[in-house]
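The following explanation leads through a single protein chain, from its strands and their pairing to its aromatic contacts and its overall dimensions. Please keep the sequence and the model in view while reading.

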Amino acid sequence: GEVSYYDIPEEPRGVGGFGTGMRRGKSDAQDRLWWGGFDGNFIGMLDPKLPKGKELALYRVPFPWFFPYDAHYDERGYTWTGGIYADRVARLHLESGEWSFYLLPFRANIRDINLQPSVAGGLSGLWIGHTHQGMITLVEPQSK
């Protein structure tokens with residue numbers, strides 16, 4: 001029955017980032033909250049089970065002006081995100097820190113993403129809704 005508040009740290013910020021800009025947010029199976037740090041060009045993760053001062057992690061997007069709007073962890077070590085100005089989506093492998101970017105064949109305005117869970121040891125995919133085009137898209141990586 002208690003309310004807890006968590007301040008989003010000032011650092012790190014990605015290139016083009018100038019604030020915190022928390023957008024959307026989805027929890028994973030481990031009860032962590034993932035979100036897009038729109039104004040700061042990062043994705044964020046809150047794990048309230050960690051010790052005080054260690055609950056938040058920010059992952060800087062290495063693509064300038066990406067402006068992530070949402071983030072979704074896939075339970076296989078990857079976190080997906082989409083930006084409203086980047087015309088691409090991105091996937092971060094948490095263990096290695098490697099980012100993969102997937103260019104979309106049209107101008108995107110991504111405000112919400114939904115995970116397509118992996119099946120039988122495969123890779124997850126990402127459903128993207130497009131605010132201005134009246135369509136949805138599925139991105140499916142072919143390799144890790």
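Two strands are taken to pair if DSSP finds at least two bridges between them. With that criterion in hand, the hairpin near the start of this predicted model can be read directly. Strand β1 (residues 22-27) and strand β2 (residues 33-37) pair in the antiparallel sense over 4 bridges. Within this pairing, S27 stands opposite L33 in β2. The two strands form a hairpin with 5 residues between them, and D31 in the turn has a positive phi of about 65°. Most residues other than glycine have a negative phi.

Beyond the hairpin, the secondary structure of the chain consists of 0 helices and 11 strands. Read from the N terminus on, the elements run β-β-β-β-β-β-β-β-β-β-β. Four strands make up an open sheet with the order β5-β6-β7-β8 and antiparallel pairing. Its edge strands are β5 (68-73) and β8 (99-103), each of which pairs on one side only. From one strand to the next, the twist averages 20°. Strands of a sheet pair through backbone hydrogen bonds, either parallel or antiparallel. Here β5 is joined to strand β6 (residues 78-83) by 5 bridges, and the two run antiparallel. One position in this pairing can be named: the bridge partner of D70 is G82 in β6.

The loop that connects these two strands contains E75. Its phi is near 70°, a positive value in a residue other than glycine. E75 is partly exposed, with a relative accessible area of 38%. A further case is F67, whose phi is near 55° and thus also positive in a residue other than glycine. F67 has its place in the loop between β4 and β5. Is F67 buried or exposed? At 9% relative accessibility, F67 counts as buried, because the limit for that class is under 20%.

Attention now turns to the aromatic side chains. The structure holds 10 aromatic pairs. In one of them, the rings of F63 and F66 have their centres 6.3 Å apart and their planes at 85°, so the pair is edge-to-face. The reasoning rests on the rule that planes over 60 degrees apart are classed in this way. F66 counts as buried at 0% relative accessibility, whereas F63 is partly exposed, with a relative accessible area of 24%. F63 also forms an aromatic pair with F101, at 5.5 Å centre to centre and with 40° between the planes, which is a tilted arrangement. F63 lies in the loop between β4 (56-60) and β5, while F101 lies in strand β8, so this pair ties together parts that are 38 residues apart in sequence. F101 is partly exposed, with a relative accessible area of 29%.

Ring pairs also link F38, W65, F67 and Y69 into a cluster. The residue with positive phi described above, F67, is therefore a member of this cluster.

Aromatic faces are also approached by charged side chains. R32 lies over the face of Y73, at 4.7 Å from the ring centre. R91 lies over the face of Y78, at 4.2 Å from the ring centre. What is S100 in contact with, leaving aside its neighbours within four places in sequence? S100 is in contact with V89, A90 and R91. S100 lies in strand β8 and is buried, with a relative accessible area of 16%.

A separate position is D39, found in the loop between β2 and β3 (42-46). D39 is buried, with a relative accessible area of 19%. The C-alpha atoms of D39 and A108, which are 69 residues apart along the chain, are separated by 18 Å.

The overall dimensions complete the account. For 144 residues, a compact globule would have a radius of gyration near 15 Å; the chain has 15 Å, which agrees with that expectation. Along its principal axes, the C-alpha trace spans about 45 × 40 × 30 Å. Of the 144 residues, 47% count as buried. Among contacts in the chain with a separation of 6 or more, residues 24 or more positions apart account for 41%.

Methods: Residues numbered from 1 in each chain as written. Predicted model: local features only at pLDDT ≥ 70, side-chain atom pairs only at ≥ 80, totals over all residues. Heavy atoms only, no water. Axes fitted to C-alpha atoms, helices over the stretch in contact; angles between N-to-C directions. Phe/Tyr/Trp six-rings, centres within 6.5 Å; stacked < 30°, edge-to-face > 60°. Buried < 20%, exposed > 50% of the residue type's maximum accessible area, 1.4 Å probe, protein only. Lys NZ or Arg CZ within 6 Å of the ring centre and 35° of its normal. Contact = heavy atoms within 4.5 Å. Rg over C-alpha atoms; globule rule 2.2 N^0.38 Å.
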